Every structure is written in C-alpha cells, then in structure tokens.
Amino acid sequence: MKIFGAHNEQNALGAIACAYYAGVTVENMTKILKSFKGVEHRIEYVKTINGVPYYNDSKATNTDSTIKALEAFKDGHIILLAGGHDKMTDLTEMMNLIKTKTDALILLGEAKERFNEAAIKAGVKNIYLVDSFQAAVDKAHELAKAPQVVLLSPACSSYDMFDNFPHRGKVFKEMVNKL
C-alpha cells in the first residue's frame with residue numbers, strides 16, 4: 001500500500017472485510033489498495049527536499065492523532081511541528097513518544113508554552129519555540145537532514161492562526177513547495 005502506519009493497516013483490513021461481504025473480488029480490492037494514496041491532511045506526503053520528505057498531518061487536532069502519526073514512522077528521526085489552539089489535553093503519553101521518535105520539536109501557537117513545559121518534563125531534547133507558522137516551516141527546513149522527515153502533526157486545533165485544519169494544511173503545503 002502507498003499509505004503506512006498500523007492505524008492505516010487496521011483501516012484497510014476493515015475495508016477489506018466490508019468489501020468482501022459486499023461481493024467485491026480480491027482482484028479489485030488489491031487494485032484499489034495498491035493505488036489508494038490516502039486522504040488529504042492525514043499523513044499526506046507533500047514533497048522531498050534534499051532527501052528529506054515533508055508530511056502534512058494537519059488533521060491531527062488531538063494528541064491521539066499525533067501519536068498515531070509518530071508511530072507510523074517506524075524509524076523515528078522526525079522533525080515535528082506541533083501546537084496551535086490548546087485543547088488542554090493530557091500531554092504525558094504524547095511527550096513520552098516524542099522523546100523517543102523525534103530529533104527536534106518545533107512548537108508554535110497558543111499551546112507552545114504548555115507543550116514546552118510538558119516536553120521538558122518528559123526529557124525531550126532539541127525544542128524550538130517559534131512565533132509564526134512560517135518560522136516553524138523555516139526552522140524545520142534549516143534543521144532537517146536525510147534520513148529525517150518533517151511532520152506537521154499539531155495535536156491541536158488550528159483556530160488560533162487558521163480558519164480550520166484544511167486551511168492550515170493548505171498553507172503548510174504551499175510553504176513547503178516554496179522552499
């Protein structure tokens with residue numbers, strides 16, 4: 001499949017079961033599963049720059065979604081852009097995973113200070129606080145070296161800077177494509 005991550009494998013298995021009981025042939029299921037590129041703003045591949053792939057996971061508006069995205073990158077080496085409108089969720093589990101999966105954490109938006117405190121408490125290293133979305137993308141580009149990946153997976157809603165998560169994801173893709 002072109003999509004990756006255990007959560008996507010589970011979704012594919014559910015789709016296969018439904019399709020099977022609906023009478024879809026194995027050949028047709030295989031064809032669709034091999035060609036499906038995923039859904040916009042959900043660990044969406046944007047572009048590779050100097051050997052570093054950039055991914056848009058703007059749909060990750062909560063910590064559980066960001067955890068799934070981090071887990072999808074089995075090798076780690078993630079430059080993570082996170083933050084936005086703070087939903088005041090518990091950050092413990094996410095920060096513990098960030099500690100093991102990321103090479104750098106770039107924080108922005110209303111949530112950046114609280115996220116920073118939680119990251120420090122969890123032992124996360126290489127934390128950067130920025131004042132704008134453009135500064136976050138620029139910092140990620142400055143830091144990223146192959147085999148790292150850059151991942152926008154905010155764990156927050158977008159309302160402090162954007163109309164909604166699709167707007168945030170669109171702006172991210174535009175900024176990456178201008179690098």
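Here is a short conversation about why some parts of this predicted model get the labels they do.

Reader: Why is Asp86 called buried?

Author: Happy to start there! The relative accessible area of Asp86 is 13%. Buried means under 20%, so Asp86 counts as buried.

Reader: And what makes Arg114 partly exposed?

Author: Arg114 has a relative accessible area of 24%. The label partly exposed covers values between 20% and 50%, so Arg114 belongs there.

Reader: How do you know that Asp86 forms a salt bridge with Arg114?

Author: The closest N and O atoms of Asp86 and Arg114 are 2.8 Å apart. A salt bridge needs a side-chain nitrogen of Lys or Arg within 4 Å of a carboxyl oxygen of Asp or Glu, so this pair qualifies. Asp86 sits in the loop between E3 and H4, while Arg114 is in helix H5 (residues 112-122), so the bridge ties together parts that are 28 residues apart in sequence.

Reader: Why can such side chains pair at all?

Author: Side chains of opposite charge can do this when their charged atoms come close.

Reader: What makes Lys170 and Glu174 a salt bridge, and where do they lie?

Author: Their closest N and O atoms are 2.9 Å apart, and the limit is 4 Å, so the label fits. Both residues lie in helix H7 (residues 165-178), four residues apart, about one turn of the helix. Lys170 is at 45% relative accessibility and Glu174 at 35%; partly exposed runs from 20% to 50%, so both get that label.

Reader: Which side chains meet in a salt bridge in helix H6?

Author: Those of Glu142 and Lys139, at 3.2 Å from N to O. The two are three residues apart in helix H6 (residues 133-143), about one turn of the helix. By the rule we have been using, the count comes to six salt bridges.

Reader: Why is Phe36 called partly exposed?

Author: Phe36 has 38% relative accessibility, and the label applies between 20% and 50%, so partly exposed is right. Phe36 is in the loop between helix H2 (26-35) and strand E1 (44-49). With Ile32 and Val39, Phe36 forms a nonpolar patch on the surface, with about 270 Å² of accessible area together.

Reader: How do you know that E3 and E4 pair?

Author: Strand E3 (residues 78-83) and strand E4 (residues 102-108) share six bridges in the parallel sense. Pairing takes at least two bridges, so these strands pass. Look for Gly83, which stands opposite Leu108 in E4.

Conventions:
Residues are numbered from 1 along each chain as its sequence is written. This is a predicted model: local features need pLDDT of at least 70, side-chain atom pairs count only at pLDDT 80 or more; totals for chains, interfaces and linings use all residues. Side-chain values use heavy atoms; hydrogens and water are left out. Patches are made of residues with over 30% relative accessible area and no salt bridge: like charges are joined within 9 Å, nonpolar side chains (Val, Leu, Ile, Met, Phe, Trp, Tyr) within 5 Å. Accessible areas come from the Shrake-Rupley method with a 1.4 Å probe; for residues, only the protein chains shown count as cover. Buried means under 20% relative accessible area, exposed over 50%, partly exposed in between (1.4 Å probe, protein chains only).
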